[in-house]
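Trainee: Could you walk me through this structure? I would like to go slowly and ask as we go.

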Amino acid sequence: MAAAESPMLEVHGLTVTFDLQEGDRITVLNEVSLTVGFGETLGVIGESGCGKSTLALAIMRLVKPPTGRIQSGTIRLGDEDLVMLNEAQMRQRRGVDLGMIFQEPLTSLNPVYTVGEQIAEVLRRHKGLTRAEASARALDMLRQLKLPDPEDKLHAFPHELSGGMRQRVMIAMALICSPKLLIADEPTTALDVTVQAQIFDLLKEIRPASSAMILITHDFGAVAEMADRVVVMYAGHCIERGTVREVVTSPAHPYTQGLLACVPDITNAGTYARGTLPEVAGTVPSLTNLPEGCPFSPRCDRAIEKCTTMPPDVPLGAGRSVKCWLAEVNR
Amino acid sequence: MTVLSVRNLSVEFGIRRGLFRKGRVVRAVQDVSFDLIPGTTLGLVGESGCGKSTTGLAAMRLIDAHAGKVLFGDRDILKLQGADLRQMRSKIQIVFQDPFSSLNPRLTAAGIIAEPLEILGVGTPGTRRARVDELLMQVGLSPEHGGLFPHQFSGGQRQRLGIARALAPDPEILICDEAVSALDVAIQAQVLNLLARLQANRGFAMLFISHDLSVVRHVSDEVIVMYLGRIVERANAKTLFDAPLHPYTMALMSAIPSRDLDRPSTRIRLQGDVASPINVPSGCAFHNRCPFAQARCSKERPELEQIRDGHYAACHFAGRIERPL
């Protein structure tokens, strides 16, 4: 499904830093590059602190001074570099070209406006619809999202809805202007598994066929279910990329291998006896105190001398690469 | 050999609704029975609001049960008071979900682990210190960590501290209430292995409460599935997950996103959300979401019955439902 010639979104060499109170500066994204094609879903996977949510915020241009800065890189959406746009121009892109769904719908919705008003606001602001027109479109959207009693829900406040319903409202707001790109940052992490399944189905059904999605998650199951291609992140770096099948069935980076092996899989139960789950030793390094070279090397049981310098992005095939010296040595 | 027998446990919460309106009752746990066996793990699984955590808390009297018995030997924990209850609690310890809020930020790691020993009056300050060092090492930390405060630890390390604190009084029962849910997967694997190692060495019984079916299958000998306060299915882990009898268990399993790209995608899809425990549907509480529900299901509540050897389910049609793959 990958559109080879001109992707919808192309992030190239994106580096984002945050200034801490103590005067330290941490690099949260380090030369991150990725593409998303038309109609494609890209999974971005990694553990807490790997930079995956910052990536979403940076694409939305919600990483802002004085603390956060896009130091270098480009974010091309179509023929436009979002990094070069000013805030007024960006406001025209958000909601229209770029939609975003956050992890915690309760804190992302305004508690003092009804659900209908919040969805309608997007249309009134961006499409200049009247209150009545916008409200009718909002109702239509809630119907598509299979919210029970949509007429009543239009007049409900966020706290009156369940978690699954709130996330449907977030999706309605994100999709009401049919954005080219939808960024979903852990959209189901706060939800029960049966509701997660409903939300995933909706995200597959309701998106326009040409639109693209970036799904940010820590769950390889979610990636396998939803995405076409995947990027694995560690300590601000893209360390592996490829199609979901390539990465899930033959992970190349020792970290990806560890991440896949350490989660018990209900469909492959019995692979590991109790107490013998493969572990990735140690913890994710602090961004204020990153190791020399490959950030994973202190935890890697196959680290070699070379790993004290940053490994190159080693190409393994079309759209497939890994940032690891072992791959370079084996080549 | 049973270390703890929970019999017909029910927990109700009253909700006040203003001065003049009649309060309502949440039946959080209803008629739950199970046994804990030394050296083995019972998994308790279900979605938000199913009563799994309340069951764990009530079993150690951190909240009061409305009816039922919790038998430790020949004594009913629900009837104990004062010093007796405190001594009994040393036999049942708990590890909570959130390693941030469940540790006292003003105590050092050593202080946190020593606190239960001090409260129970175990040993002298000197022997307690030695015990703290030993516990720190058993959970994969070092004695030097004893001087640090909780905020100086990572999430995974904090959960190790919570485990060390729980193990300090040498309990016979360890309750893990979503103990690995807040952890990143790599850290989760470390903590699961640690728990398994500790259980093998010390032989405590474990009640493992979690919403994560994959983790529950991995750690449990026996598994109970709860829905809206009641047990809907119970069997040994392999039987339950290989051949589930209750449509809710089937739906839970088919909702888990699978890494198996070649798994056929014929799934049971549930409509709607879990009903509110304030307003439990009539008959079978699951009937309004159940794809197999018949007229009978909305009228008559199915009892938990043994359908096959050691495999219990509360469904009128258990064993007669074709399970889609």
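Mentor: We can talk through the chains, then the domains, the contact between chains and a sheet. This is a predicted model, in which local features need pLDDT of at least 70 and side-chain atom pairs count only at pLDDT 80 or more, while totals for chains, interfaces and linings use all residues. Residues are numbered from 1 along each chain as its sequence is written, and chains are lettered from A and ligands numbered from 1 in the order in which they are written.

Trainee: Okay, how many helices and strands are there in chain A?

Mentor: Chain A has twelve helices and twelve strands, where helices (H or I, at least four residues) and strands (E, at least two) are DSSP runs numbered from the N terminus. In chain B there are nine helices and twelve strands.

Trainee: And what is the radius of gyration of chain A?

Mentor: It is 21 Å for chain A, which agrees with the value near 20 Å that a compact globule of 331 residues would have. The radius is taken over C-alpha atoms, and the globule rule is 2.2 Å times the number of residues to the power 0.38. Chain B, with 325 residues, also has 21 Å, and this agrees with a globule value near 20 Å. The C-alpha trace of chain A spans about 65 × 50 × 45 Å along its principal axes, and that of chain B about 65 × 55 × 45 Å.

Trainee: What share of chain A is buried?

Mentor: In chain A, 46% of the 331 residues count as buried, and in chain B 48% of the 325 residues do. A residue is buried if 20 or more other C-beta atoms lie within 10 Å of its own, exposed if 12 or fewer, and partly exposed in between, with C-beta atoms placed from the backbone.

Trainee: Where are the domains of chain A?

Mentor: Domain 1 of chain A covers 9–97 + 179–330 and domain 2 covers 107–178, with bounds that come from an automatic or database domain assignment. Their centres, taken over C-alpha atoms, are 30 Å apart. The contact takes 13 residues from domain 1 of chain A and twelve residues from domain 2 of chain A, two residues being in contact if their C-beta atoms, placed from the backbone, lie within 7 Å.

Trainee: Which helix gives the largest share of the domain 1 side?

Mentor: That is helix α8 (residues 193–206) of chain A, with five residues. The domain 1 side that touches domain 2 in chain A has eleven nonpolar, two polar and no charged residues; Ala, Val, Leu, Ile, Met, Phe, Trp, Tyr, Cys and Pro count as nonpolar, Asp, Glu, Lys and Arg as charged, and the others, Gly among them, as polar.

Trainee: Switching topic, how many residues of chain B are in contact with chain A?

Mentor: There are 39 residues of chain B in contact with 39 residues of chain A. On the chain B side, the largest share, ten residues, comes from α6(B), and by class that side has 20 nonpolar, ten polar and nine charged residues.

Trainee: Last one, what is the strand order in the open sheet of chain A?

Mentor: The eight strands run in the order β6-β7-β8-β3-β9-β10-β12-β11 (chain A), with mixed pairing, and two strands pair if DSSP finds at least two bridges between them. The edge strands are β6 (98–101) and β11 (313–317) of chain A, each pairing on one side only. Within chain A, strands β7 (residues 181–185) and β8 (residues 212–217) run parallel and are joined by five bridges, and Leu182(A) stands opposite Met213(A) in β8(A).
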